[in-house]
Amino acid sequence: MKRPHFRHLCLSVIALTIDVAIADEPAPGQVSFAEDIKPLLTEKCVHCHNRKTLPEVFSFESAKRAFVTLKSGREVIVPGEPEKSLLIIALKSPHGHEKAMPMVGPRPTEDDIELLSEWIKQGAEWPSGPAGRIRPPFRATE
Ligand code: HEC
């Protein structure tokens, strides 16, 4: 009676291998930090989320300042896990973020949120050094 069981196990392993192989294929829509994420954060977030305007919250000026755990104990960006990333949670529940009203500048669209979510899912690659530095086009004043 051992054999059928063994065969079943083999099939599972094969199925699993196929699954992993599919998951490993590069996604057709690979999100680029330089081309997609940096412009989005520059246009819609960093004029508030910089060290001068919101010293008590967090800044999108560099990876070092953006990959942080807030006082609430929640992480802004959890690579690979958009549903655990406060960045996505905050944008998906606009009320949570509208405490910051009146919002200054353009608001993120559904597509923007989808893009950020996909970027986090793909590992939230954010280079260090000048390539990863984001400068506020202007600074919102509170
Ligand atoms: C008009 C200024 C402003 C803009 C623009 C802005 N934020 Fe915020 N954000 C705030 C303020 C103020 C807080 C802290 C108060 C709060 O929790 O609402 C905050 C908090 C957050 C938090 C933490 C929420 C929490 O529950 O602690 C996240 C994440 C966040 N912002 C992401 C973003 C992203 C991403 C963008 C760009 C799409 C953005 N913000 C644009 C002002 C702004």
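In this predicted model, the chain averages a pLDDT of 82, and 72% of the residues score at least 70. Confidence varies along the chain: helix 1 (residues 2-24) has the lowest mean, at 52, whereas helix 3 (residues 63-66) has the highest, at 97. Where pLDDT is low, the predicted coordinates should not be read in detail.

The chain contains six helices and zero strands, and its elements follow the order α-α-α-α-α-α along the sequence. Of the 142 residues, 19% are buried. Among contacts with a separation of 6 or more, 60% join residues that lie 24 or more positions apart.

Helix 2, which spans residues 33-44, buries Ile37, Leu40 and Leu41. Viewed down the axis of helix 2, these buried residues fall within an arc of 90 degrees, so they line one face of the helix. The other side of helix 2 carries the exposed residues Ala34, Glu35 and Pro39. Helix 6 (110-121) is the element against which the buried residues of helix 2 pack.

Helix 6 consists of twelve residues and reaches 16 Å from its first C-alpha to its last, close to the 16 Å expected at 1.5 Å a residue. Its buried residues are Leu116, Trp119 and Ile120. Seen down the axis of helix 6, these residues fall within an arc of 100 degrees and therefore line one face of the helix. Glu110 and Asp111, both exposed, are found on the face of helix 6 turned away from its buried side. The cover over the buried residues of helix 6 includes helix 2 and helix 4.

The largest nonpolar core comprises 21 residues. Within this core, the residues with the most contacts are Leu41, Phe60, Ala66, Ile77, Leu87, Trp119 and Ile120. At least two core residues are supplied by each of helix 2, helix 4 (86-92) and helix 6. In soluble globular proteins, nonpolar side chains tend to be buried together. Leu41, one of the buried residues of helix 2, is in contact with Val46, Phe60 and Ile134 when neighbours within four places in sequence are left aside.

A further buried position is found outside the helices. Asn50 is located in the loop between helix 2 and helix 3. With 21 other C-beta atoms within 10 Å, Asn50 meets the cut-off of 20 or more and is therefore classed as buried. Leaving aside neighbours within four places in sequence, the contacts of Asn50 are with Ser59, Glu61, Pro136 and Arg139. Asn50 and Pro136 are 86 residues apart along the chain, yet their C-alpha atoms are separated by 7.2 Å.

The backbone after helix 6 also merits description. Helix 6 is followed by Gly123, which has a positive phi near 115 degrees. Ala124 lies in the segment after helix 6 and, although not a glycine, has a positive phi of about 55 degrees. Ala124 is buried, with 22 other C-beta atoms within 10 Å.

Definitions and conventions:
Residues are numbered from 1 along each chain as its sequence is written. This is a predicted model: local features need pLDDT of at least 70, side-chain atom pairs count only at pLDDT 80 or more; totals for chains, interfaces and linings use all residues. Helices (H or I, at least four residues) and strands (E, at least two) are DSSP runs, numbered from the N terminus. A residue is buried if 20 or more other C-beta atoms lie within 10 Å of its own, exposed if 12 or fewer, and partly exposed in between; C-beta atoms are placed from the backbone. Two residues are in contact if their C-beta atoms, placed from the backbone, lie within 7 Å. The arc is that of the directions from the helix axis to the C-beta atoms. A nonpolar core is a set of buried Ala, Val, Leu, Ile, Met, Phe, Trp, Tyr and Cys residues joined through C-beta atoms within 7 Å. pLDDT is the predictor's confidence in each residue, from 0 to 100. The expected span of a helix is 1.5 Å times one less than its number of residues.
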